Amino acid sequence: MVFSARAIPVILMVLCLLLLSMVMAHGQRDLVNIVTLSEVAERIFKEVNRLAQENKRLKEQIILLERSAGRLEELEGFFEKTTKLQIENVKEFADQVQMSRKNRDGLATTTENKVFSFIIDAALKYDTDGDDSLDDDEVSKVIDQVKDIFGESVVVDHERFMKVVSKNRRISNIMTEFNHMQNDTSSQRIFEINKNL
């Protein structure tokens, strides 16, 4: 193949253009890569900024949670102390209730003894004829006297009282029978202390 002198510059130009197009294609590819990498870098930069802000927000949340945890630990300590105090207070209260019941029972026994003594004194006082025995009128006066002095705090069983007196009217025998009945735990008592007052 023979090329004419005119064809050589054209061939050289074509070769140069071909070479130039390859260089340009390579440059275009590099330029596209650079633009793409630039866009990717910009997205990464935005994502890094967003993650940095999110990290900052999370750190603030961690600080708030640590403070809340500290407060919760304090509250837990206070709750434990309060619970312990309540348990101690309940125990003390139970002890006080038990002691109050003992005192009430002791007071009731003391009051019963006083009422019993008062009945003896009233029986002796209202034995107007001095025969050391009580008739029905004198018994009624004794019962009325007990009711007047002790009011609603002492409940006298009038029927049982009269039943004991009718068996044996002597004051000493009546008082002995009363004493036995008061010491009996059954429902045969002559009088009761009203504990509801």
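How many residues does helix 4 have, and how far does helix 4 reach from its first C-alpha to its last? In this predicted model, helix 4 spans residues 171–183, which makes 13 residues. The distance from the first C-alpha to the last is 18 Å, close to the 18 Å expected at 1.5 Å a residue.

The buried residues of helix 4 are Ile 171, Ile 174, Met 175, Phe 178, Met 181 and Gln 182. These residues lie on the same side of helix 4, because they cover an arc of only 125° around the axis. The face turned away from this buried side carries His 180 and Asn 183, both of which are exposed.

Two of the buried residues, Met 175 and Phe 178, also appear among the core residues described next. The largest nonpolar core has 27 residues, and those touching the most other members are Ile 119, Val 154, Phe 161, Met 175, Phe 178 and Phe 191. At least two residues of this core come from each of helix 1 (7–126), helix 2 (136–150), strand 1 (154–156), helix 3 (158–167), helix 4 and strand 2 (191–193). With seven residues, helix 1 gives the most to the core. When neighbours within four places in sequence are left aside, Phe 178 is in contact with Phe 116, Ile 119, Phe 161, Val 164 and Ile 190.

The protein chain has a mean pLDDT of 80, with 91% of its residues at 70 or more. Among the elements of the chain, the highest mean pLDDT belongs to helix 1 (82) and the lowest to strand 2 (74). Where pLDDT is low, predicted coordinates should not be read in detail.

Definitions and conventions. Residues numbered from 1 in each chain as written. Predicted model: local features only at pLDDT ≥ 70, side-chain atom pairs only at ≥ 80, totals over all residues. Heavy atoms only, no water. Helix = DSSP H or I, 4+ residues; strand = E, 2+ residues; numbered from the N terminus. Expected span 1.5 Å × (residues − 1). Buried < 20%, exposed > 50% of the residue type's maximum accessible area, 1.4 Å probe, protein only. Arc of directions from axis to C-beta. Core = buried A, V, L, I, M, F, W, Y, C linked by side-chain atoms within 4.5 Å. Contact = heavy atoms within 4.5 Å. pLDDT = per-residue confidence, 0-100.
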